[in-house]
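Biologist: I have a model open and want to learn how to read it. Can you take me through the basics?

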Amino acid sequence: MRTALIVVDVQNDFCEGGSLAVSGGAAVAAGISEHIEARHGDYDAIVGTLDWHISPGSHFSEEPDFRTSWPVHCVAETEGAETHDDLETDRIEAWFRKGEYEAAYSGFEGVLAPETSTPLGGVEEDPEDADGEEPVSLDDWLRERGIDAVDIVGLAADHCVRATALDAADAGYETRVLLHLSAGVSEETTAEAIQRLEDASVEVVRG
């Protein structure tokens, strides 16, 4: 079994002080860093996803319902879209950006950021790279490396972590969510997310 760790959206806007802060976000960032330091040898790949919004339409709202519409967050090339300082990124091999022009919750909707860039890099408006090749999806990248199982951590448990895990399971990966290395927007929606994950045969590890 070849296993990857997927670190979902541990960005400033989702941590304390951000525009869409999740309570406990900074602690999740630090906990993931400790997990990677202690357990990186257990993984055949470690990747990260980033909310990366340019003009995502109704995903942003002045009167958000906090289920399908949200305050402005993680705008491309802003401080809010940067990874949190407590997240150690040295062992993260690749970054996948999602949601440039529409809502995107799952990391499997993301595309590989240019290798020459930092996690933020430059805004890529052309869907093809400089060589005219189609962008690389998270699924493509994992399959090229023979990955067949994933552990998923990050923010938020009840939205992007949930969506990423459901897509991973649907794609055939043996999927675990490490709940102690995630945090949700609310107790109600987190409980709903856990039920959906377990119904989809995703293993939810609580600690």
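Modeller: We start with ground rules, then go through fold, cysteines and one strand residue. This is a predicted model, so local features need pLDDT of at least 70, side-chain atom pairs count only at pLDDT 80 or more, and totals for chains, interfaces and linings use all residues. Residues are numbered from 1 along each chain as its sequence is written, and side-chain values use heavy atoms, with hydrogens and water left out.

Biologist: How many helices and strands are in the protein chain?

Modeller: Helices (H or I, at least four residues) and strands (E, at least two) are DSSP runs, numbered from the N terminus. The protein chain has four helices and seven strands. Their order along the sequence is β-α-β-β-β-α-β-α-β-α-β.

Biologist: How many disulfides does a search of the whole structure find?

Modeller: A disulfide is a covalent bond between the sulfur atoms of two cysteines. Here the test is a pair of cysteine sulfur atoms within 2.5 Å. The search finds zero. For cysteine 15, the nearest cysteine sulfur belongs to cysteine 74, 9.2 Å away. Cysteine 160 has its closest cysteine sulfur in cysteine 74 too, at 8.7 Å, too far for a bond.

Biologist: Is cysteine 15 buried or exposed?

Modeller: Buried means under 20% relative accessible area, exposed over 50%, partly exposed in between (1.4 Å probe, protein chains only). Cysteine 15 is buried, at 0%. Cysteine 160 is buried as well, at 7%.

Biologist: Where does threonine 49 lie?

Modeller: Threonine 49 is in strand β2, residues 45-51. Threonine 49 is buried, at 1% relative accessibility.
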